[in-house]
Amino acid sequence: MAEAGGHAAAVAACVDAVLGSRGGANRVFEILELLAAEEEEAVACAVRACRRLFGALLERGELFVGRLPAEEAALAGACSAEHKYKVWMRHRYSSCLDCLSELLGHGSFQVKELSLCTLMKFVELEAEHPLVEAEWKGGFTFPRELLKIVVDGLIPLNEDASLLISRFQEYMEYDDIRYFVMKAVTESIGQVMQKTKERPLPFYQQNIFSLISPINMPNKERDMVKFMVKQDNREEWKVSKLQAHKQAFEKMWLSFLKHKLPTGLYKKVLVILHDCILPYMNEPTLMIDFLTVAYGIGGAISLLALNGLFILIHQHNLEYPDFYKKLYSLLDPSIYHVKYRARFFHLADLFLSSSHLPAYLVAAFIKRLSRLALTAPPEALLMVIPFICNLFRRHPACKVLVHRPNGPEELQ
């Protein structure tokens, strides 16, 4: 504990020296070096010190604003001492951001969380005190590059980051943060999956799902009132438009789902598809390719894929003539023995509920299920027999199938 207190006192003295006089600026290196220390507490002290130091410098306007020039060239030029100081300190700030982004992969969760919160504090401060010049007078600026660093740190390729992602979810309540996170995720998927030649990356893809599946999209434009960047004339800001959010949301999910997923992820996506994804897409029928691939996997995933297709058919006028043929092909002895059979019969009842279905099609399902029931376990019969009875009740023309001792006869 004494050593931890020593670290805290030392870095606090460094921060005071740098903020107190420009003559003490070089002491910033002592803080940056501690970010690479082996002791967890030393790193944590250094992160807190960076937050205090660079937060104050941002608020005081002591960092260079604009495209950052090379350090050596800027310091060797004929610029003022004020200009050189701001360029030099901005380079130290860039080094700090690089270190914090690496610490998002630290072995200690305390350090990860502290680094994440510090980076997001810098996002907030850069939104208030931009380090990039607006493209036009009165234009809007947002620290997109800094937020992209955070997003990349939340979706590593080789480890599960779900705990850190859950810590990040509070920031996703800001409408502008959510919008730029969606853009950053889409960009990351394009870069990473292209490099890996389309092969599944279980940790990376699971991390992306953990980040984007809880996204709480607004239903109306008037619901979008919480922005980290305070803009006076928000009416002209694209990020304040619901249509722009839906476009970013749709593009993100389509880019994620166009690549082959680990098998377990297909089921997770399909379970939330109808409630959390389709309602917020501009063109829900663009999901047809994903659902077709998912159907080909088999088992519970095929059934859930058919549920998605059913929604597209009935709510979005999708034409899919092979739907009932595909449902029929799922009827094999395994449906009575697997853990998802209750879900299967619930969905199958939904699919076959329309009284407009032709009698021959319903009769085919009744005959197939009845034949399979001959070898079904008793607990499964408690589901399938009422299910078959309901089909008869909805489709009286099929009753000719019941008790025909004199052989086959035509359906009326």
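Helices (H or I, at least four residues) and strands (E, at least two) are taken here as DSSP runs, numbered from the N terminus. By that reckoning the secondary structure of the protein comes to 18 helices and 0 strands.

This is a predicted model, in which local features need pLDDT of at least 70 and side-chain atom pairs count only at pLDDT 80 or more, while totals for chains, interfaces and linings use all residues. Residues are numbered from 1 along each chain as its sequence is written, and side-chain values use heavy atoms, with hydrogens and water left out.

**Overall form**

The radius of gyration, taken over C-alpha atoms, is 29 Å for the protein, whereas a compact globule of 412 residues would have one near 22 Å by the rule of 2.2 Å times the number of residues to the power 0.38. Along the principal axes, the C-alpha atoms fill a box of roughly 105 × 50 × 35 Å. Of the 412 residues, 48% are buried, where buried means under 20% relative accessible area, exposed over 50%, and partly exposed in between (1.4 Å probe, protein chains only). The accessible surface, from the Shrake-Rupley method with a 1.4 Å probe, comes to about 20800 Å², and 53% of it belongs to carbon and sulfur atoms.

Contact means heavy atoms within 4.5 Å; among contacts between residues at least 6 apart in sequence, 69% join residues at least 24 apart. If Lys and Arg count as positive and Asp and Glu as negative, with His and the chain ends not counted, the protein has 47 positive and 47 negative side chains, and the centres of the two sets lie 8 Å apart. For that distance, the place of a charge is taken as NZ of Lys, CZ of Arg, CG of Asp or CD of Glu.

**Helix α7 and its surroundings**

Helix α7 spans residues 144-154 and includes Lys148. The buried residues of α7 are Leu146, Leu147, Lys148, Val150, Val151, Gly153 and Leu154, and what covers them includes α5 (81-103), α6 (109-128), α8 (162-168), α9 (175-195) and α10 (202-212). Lys148 counts as buried because its relative accessibility is 10%. Beyond residues up to four places away in sequence, Lys148 touches Ala184, Glu187, Ser188 and Gln191. An α-helix has 3.6 residues a turn, so residues three or four places apart point the same way.

Leu97, in helix α5, also has a neighbour in α7: leaving out residues up to four places away in sequence, Leu97 touches Leu119, Phe122, Glu126 and Leu146. With a relative accessible area of 9%, Leu97 is buried. A second lysine, Lys112, is placed in helix α6 and is buried at a relative accessible area of 12%. Apart from neighbours within four places in sequence, Lys112 is in contact with Leu103, Leu104, Gly105, His106, Glu159 and Leu164.

**Residues in loops**

Met228 is found in the loop between α10 and α11 (242-257), yet its relative accessible area of 4% makes it buried. Leaving aside neighbours within four places in sequence, Met228 is in contact with Val123, Glu124, Tyr174, Asp176 and Ile177.

The loop between α3 (40-60) and α4 (71-76) holds Gly61, which counts as partly exposed at 37% relative accessibility. Arg67 lies in the loop between α3 and α4 as well, and at 81% relative accessibility Arg67 counts as exposed. Asn317, in the loop between α14 (299-316) and α15 (323-329), is exposed with a relative accessible area of 66%; its phi is near 60°, a positive value in a residue other than glycine.

The table sets out C-alpha to C-alpha distances for some of these residues.

| Pair | Separation in sequence | C-alpha distance |
|---|---|---|
| Met228 and Glu124 | 104 residues | 6.5 Å |
| Leu97 and Phe122 | 25 residues | 9.2 Å |
| Gly61 and Gln191 | 130 residues | 34 Å |
| Arg67 and Asn216 | 149 residues | 35 Å |

**Annotated segments**

An unreviewed UniProt entry places the feature "transmembrane region" at residues 290-313 and 344-366; such positions are given in the numbering used here, feature names are shortened, and annotations may be inferred rather than shown by experiment. In the model, residues 290-313 are 88% helix and 0% strand, with end C-alpha atoms 15 Å apart. Residues 344-366 are 70% helix and 0% strand, and their end C-alpha atoms are 15 Å apart.
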